[in-house]
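User: Please take a close look at the place where the ligand sits. I would like one connected description, followed by a few remarks on the rest of the chain.

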Amino acid sequence: MMTDIATLQTELMAAIDSADTLDALEAVRISALGKQGSVSALLKTMGAMSPDERQTQGPIINGLRESVTAALAAKKAALETAELNRRLASEYVDMTLPAPETPRGTVHPVSQVMDELAEIFADMGFAVAEGREIEDDWHNFTALNIPETHPARAMHDTFYFPDEMAREGSKMLLRTHTSPVQIRTMTSQEPPIRIIAPGRVYRSDSDATHTPMFHQIEGLVIDKGIHLGHLKWTLETFLKAYFEREDVVLRLRPSYFPFTEPSVEVDVGYSMVNGKRVIGGSEGWMEVLGSGMVHRKVIEACGLDPDIWQGFAFGTGVDRLAMLKYGMDDLRAFFDGDNRWLQHYGFDALDVPTLSGGVGA
Ligand code: DAH
């Protein structure tokens, strides 16, 4: 019996020693300690032993079980360590290799500029408002003091929907400017109001400097005691932050828009540097936006009392602002979807504009 146990122990130790995978080791464990295992069988014989026999055989059989269990655990740990080392050796990443070619999207300059403008105006307390691209005649024209017979309607080259689609007697159209957002904001929220409204606008017009769809941004402030000085300060602060130059000079020229009185067109000064126009200084002037004090009739059309509430509004082309800052010269390229153009003029998606980090590239 004792020699049998010694032989079994030698065999099992040899089997454990030569198991070279975790699966092989598990097979040895089952053959020894499993239900039908050789060591389990020996343990079972103890029940039928006389007390004397059990006293001598018990420790031997239990000793066998313990040494086999310990040998299995040691071998398992060794195999696992070996496996880990093998994987560490084969699965390493060579950090010195160049990164693989991966498709890289960019943020379109129009989106970038809109984000920059939102950031600049948020700092001055403006919220971003949204209107509708499919508008009605009343919001796009009438409420903005552009009545049916007004020549400005012809100037806007409007895309109208068929008459059958009119709503409440108002023809439907693609908005020709972001100014109707002024109306939607004043009729839906209580003053004081400070909003900007960036978005798409549509006009039936197409050449090198006009596309049927383009982008505008509208600004509106309605409060008590607002005057032209507030407008000028706001525009100056905005344009200095946008062009990231302290030497931005504005020139306000009297103009006419039906929805503002007085109306001003705003020019920004440029200097010639190596034959190119650069914003800053006042060697020449470029028109950048339209603005003015909101017309009494517009405030009235929105159900507010113009003797209590006054304000200013401004509107400008986002595409044009982008061209001026980032030096593109063909508007049509903005909407061609040409990947080479986007790779060149696009912005890194992680490069989010912030006032502290710089709103530009
Ligand atoms: N809506 C005008 C346009 O599309 C731009 C504009 C001019 C907007 C003056 C304004 C403004 O808010 O005050 O040409």
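Analyst: This is a predicted model. A good place to begin is the backbone of Phe314, where a polar atom is 3.4 Å from an oxygen atom of the ligand. Side chains take part too. An N or O atom in the side chain of Glu218 is 2.6 Å from an oxygen atom of the ligand, and for the side chain of Gln182 the corresponding distance to a ligand oxygen is 3.1 Å. Polar contacts are counted within 3.5 Å, and the three distances just given are 3.4 Å for Phe314, 2.6 Å for Glu218 and 3.1 Å for Gln182.

How much of the ligand does the protein bury? On its own the ligand exposes 350 Å², and 89% of that is buried by the protein. The space that the ligand takes is the largest pocket. Three elements each give two or more residues to the shell around the ligand: strand 5 (213–223), strand 9 (284–294) and strand 10 (310–317).

The ligand is surrounded by 15 residues. The closest are His177, Ser179, Arg203, Gln216 and Glu218. By type, the shell holds four nonpolar, nine polar and two charged residues.

Now for the rest of the chain, starting with the aromatic rings. The structure holds 11 aromatic pairs. One of them is formed by Phe238 and Tyr242; this pair is tilted, with 6.5 Å from centre to centre and 50 degrees between the planes. Why are Phe238 and Tyr242 separated by about one helical turn? The reason is that they are four residues apart in helix 9 (residues 228–243).

The backbone also has some details to point out. Most residues other than glycine have a negative phi, and most peptide bonds are trans. Against that background, Pro191 and Pro192 are joined by a cis peptide bond, with omega about 5 degrees. Pro192 belongs to the loop between helix 8 (180–188) and strand 4 (193–202). Another cis bond runs from Glu261 to Pro262, where omega is near -5 degrees. Pro262 is placed in strand 7 (residues 260–273).

Last comes Asn145, a residue other than glycine whose phi is positive, near 65 degrees. Asn145 is found in the loop between helix 6 (137–140) and helix 7 (151–155).

Definitions and conventions
Residues numbered from 1 in each chain as written. Predicted model: local features only at pLDDT ≥ 70, side-chain atom pairs only at ≥ 80, totals over all residues. Heavy atoms only, no water. Near = heavy atom within 4 Å. Polar contact = N/O pair within 3.5 Å; in protein donor to acceptor, adjacent residues only side chain to side chain. Areas by Shrake-Rupley, 256 points an atom, 1.4 Å probe, with all protein chains shown as cover. 1 Å grid on protein atoms, 1.4 Å probe; cavity = no way out; pocket = protein on both sides within 12 Å on 5 of 7 lines; lining within 4 Å. Sits in = over half its atoms within 2 Å of the grid points. Nonpolar A, V, L, I, M, F, W, Y, C, P; charged D, E, K, R; others polar. Phe/Tyr/Trp six-rings, centres within 6.5 Å; stacked < 30°, edge-to-face > 60°.
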